[in-house]
Amino acid sequence: MDIRDYISDKKIHFLTIFSGALFFTALLWLFGLGAGELILLWICFICMVTGIVGFDYVRLRRRLADLQSVLDSLDQKYLLAEIADRPQSVIERFYFRFMRTALKAMTDEVSASRRLNDEYRDFVEQWIHEMKAPITGIALLCENNRSDVTRKVMTEAEMILQSVERVLFYARLGSVEKDYLIAEVSLKDCVLEILAQNRQFLIQNRVCVHTEAVTHSVYSDRKWLQFMLNQILLNSVKYQGCRPLVIEIASRKQGNDVILSVTDNGMGIRESELCRVFDKGFVGSNGRAGKHATGIGLYLCDQLSRKLGIELEIESEPGEYTTVQLRFP
């Protein structure tokens, strides 16, 4: 707070004081007091007012600085009214009381919202796990009764399972740090597992996948990493374009990092849209044309990569290729 703010806040007081001073000056003049005496009284009056105002301004500014210092030191800012020194004036006491009441109401509301959110997330996770059982049963029935129809059913079951998994990972996105286990992971094994989970889907779409160049191991969470790779793979198939799709998956060492790249010869992404592909809900021109995009898959990949310390990069040439790179430290 500077002196202009202080004067603006106290302008009613100043106007009252100086109006009273002018009134008494006129009254003393009428009673015959000379100009010299009136000037002396005004000098004394101005010095006294300046001293009182200066002292009050310094006191108020120091008090605000102390409160700001306490606020800056708090991780939970809403505890200011509880942590700050006791009120130094009657008006402060009322303000602090109002603040405590308002903040208590706010924390109660936040706690209730969090509880409802946790209950909803628990319900969603429970529902997802219950859904996995019939999906697995469908896959087993189709595996034991193979035909062209059952293969198509298995493909659709795989897609349902992918969608269910996406919902599960989205529900857990806010608490990833409670659910991951960092360990040495073979990229080759991860990639092969993902391909096995989607084999019917890949066969139905006549996708050719090359994995010979995947040789390295990294330190990461296997489950979350497989989810990210799965979303990238599904996106490649979803936007494969008109020609037969070929996906090249490779790993290489670069300095102290390991880079896993997934390259496809699909329809590609416009340069103007590359900076937005990781935004939540962004589907781009390709997604709007296909009418099957949700804009969630790459968003989840981006959020998970940040939490796992993996750099996620994408480059593309429309009509030529798209490459997604995961850089593991």
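These questions and replies concern how some labels in a predicted model were assigned.

Me: What kind of model is this, and how are residues numbered?
Reply: The model is predicted; local features need pLDDT of at least 70, side-chain atom pairs count only at pLDDT 80 or more, and totals for chains, interfaces and linings use all residues. Residues are numbered from 1 along each chain as its sequence is written, and side-chain values use heavy atoms, with hydrogens and water left out.

Me: How many disulfides does the structure hold?
Reply: The structure holds 0 disulfides. A disulfide is a pair of cysteine sulfur atoms within 2.5 Å.

Me: Why is Cys 44 not counted as bonded to Cys 47?
Reply: The closest cysteine sulfur to that of Cys 44 is in Cys 47, at 6.7 Å, which is too far for a bond. Seen from Cys 47, the closest cysteine sulfur is that of Cys 44, again at 6.7 Å.

Me: Why is Cys 47 called exposed, and Cys 44 partly exposed?
Reply: Buried means under 20% relative accessible area, exposed over 50%, and partly exposed in between (1.4 Å probe, protein chains only). Cys 47 has 51%, so Cys 47 is exposed. Cys 44 has 47%, so Cys 44 is partly exposed.

Me: How does the span of helix α5 compare with the expected one?
Reply: Helix α5 covers residues 90-144, which is 55 residues, and reaches 81 Å from its first C-alpha to its last. The expected span is 1.5 Å times one less than the number of residues. For α5 that expectation is 81 Å, and the span is close to it. Helices (H or I, at least four residues) and strands (E, at least two) are DSSP runs, numbered from the N terminus.

Me: What makes Glu 92 buried?
Reply: Glu 92, in helix α5, has a relative accessible area of 12%, so Glu 92 falls under the 20% limit. Glu 92 touches Arg 63 and Pro 87, not counting residues up to four places away in sequence; contact means heavy atoms within 4.5 Å. The buried residues of α5 also include Phe 96, Leu 103 and Cys 142.

Me: Is Ile 91 buried or partly exposed?
Reply: Ile 91 lies in helix α5 and is partly exposed, with a relative accessible area of 47%.

Me: How do you know that Thr 211 is buried?
Reply: Thr 211 is in strand β2 (residues 208-213). Its relative accessibility is 11%, under 20%, so Thr 211 counts as buried. Not counting residues up to four places away in sequence, Thr 211 touches Lys 188, Val 191, Leu 192, Leu 195 and Ile 249.
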